[in-house]
Every structure is written in C-alpha cells, then in structure tokens.
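Student: I have a model open and want to learn how to read its strands and rings. Can you take me through them?

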Amino acid sequence: MLPDPESRLLARDELATSVLANNRAAGRKVAVAESCTGGMVSAALTDIAGSSDVFSAGFITYSGHAKQSQLDVSSEILETFGEVSLATAWAMASGALANSDADIAVAITGIAGPGGGSEKKPVGLVVFARALRGQDPDDYFTQRVQFESNDRAAIRHAATLFALDLLQPGRDALRPSEDIALPAP
C-alpha cells in the first residue's frame, strides 16, 4: 500500500530539515539540478524556514536545451548518452557547482512515467550524481536506480528522498556505484 500524501510530505520535510541542519553545521551550501523531479527537491529544502543560509540554487532543467543553457551540459553528451544517463547526471551536477556558490550539488534525471520508457531505459529509471566542490570529478558519485513502480508520484517522491539523502554530509565518501533497484512506496 502506498503512503498517503500527508505521510509522504512528513517524510520529505523531516529529511529536508536534517539536510539543512547537517549542512549548516558543516558550513556549506547546497545546489540541486533537477529534471524528472521538476523542482521537488528544491521545494522540499525551501519549504523549511531559514533554508536561505544553506540552499544556494535549484536548477529545473527538464529539457535537453535547459540542461545545455543552464548547466553547460554539452550537446555531445546528450546526443551520445541521452538525457537519462550517468554522463548527463554527472555533467548536470558539475554544472550546478560551476553556476552557483554551492559546496555540494546533486543532480537527478530520469523517467517518471507513466509513458516515455523503453527497454533500455524503463519507467522508474532515475540517474543521480553528487559532486563536491574541489573533489576530483572522476570521483563524483553517480548511480542509476530503478524504482520499482509505474506510479509517477511514487517515483518522483522516492527520487526526491534519495536526492535529499545524497545531500547529507555523511555521504561525502560515496564514489561511483553499481546500479540498484528500490521500491518506490
């Protein structure tokens, strides 16, 4: 059974509050580059009063053109790998750092459905990247996650929570990872 909207909102707000408090304690600012979540991560953070001392920027780059113009994602990356790819998520995170004063950036791109999926890139596939200012770009965390659901709201909610968790300072040791599958409650 799917959580009700109120439970989803509570889980999101608790995690966003924790992300802000922990990054505030670490003395750093955050930025988010979003595609399939359409600003949900940015909204989660900015719904919390006092977030302005931690939240630097949110880029909602739903189209390939927006990814190029706002985040400097190259047309070669988009043409070669597609908008939902490790390379694109990596470039989005890199662009979010380059175009903000943030110390950490997380990028999200995926297929929330219910349509738009393919055999290679099914509905529920979301790709994440996490970049720290000053980090070797080869060490940026990237991961493909297959959220096991066909429900658009559930996939977007699960992706939002996953992205918020990636903003936690305790995740700084993460490095590129293998693909995983998760339920999207």
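Tutor: We start with one strand, then turn to the aromatic pairs. This is a predicted model, where local features need pLDDT of at least 70, side-chain atom pairs count only at pLDDT 80 or more, and totals for chains, interfaces and linings use all residues. Residues are numbered from 1 along each chain as its sequence is written, and side-chain values use heavy atoms, with hydrogens and water left out.

Student: Which residues lie on each side of β4, and are they buried or exposed?

Tutor: In a regular strand, side chains alternate between the two faces of the sheet. Strands are DSSP runs of E, at least two residues; helices are runs of H or I, at least four; both are numbered from the N terminus. Buried means under 20% relative accessible area, exposed over 50%, partly exposed in between (1.4 Å probe, protein chains only). Here Leu125, Val127, Ala129 and Ala131 line one side of β4, with Val126, Phe128, Arg130 and Leu132 on the other, and all are buried.

Student: How many bridges join β3 to β4?

Tutor: Strands pair if DSSP finds at least two bridges between them. β3 (residues 104–110) and β4 run antiparallel, joined by seven. Ile104 has Leu132 as its bridge partner. β4 also pairs antiparallel with β5 (residues 141–148), over six bridges.

Student: How many aromatic pairs are there?

Tutor: Rings of Phe, Tyr and Trp (its six-membered ring) pair if their centres lie within 6.5 Å; planes under 30 degrees apart are stacked, over 60 edge-to-face, the rest tilted. The structure holds four pairs. Trp90 and Tyr140 make a tilted one, 5.5 Å centre to centre with 35 degrees between the planes. Trp90 is in helix α5 and Tyr140 in the loop between β4 and β5, so the pair ties together parts 50 residues apart in sequence.
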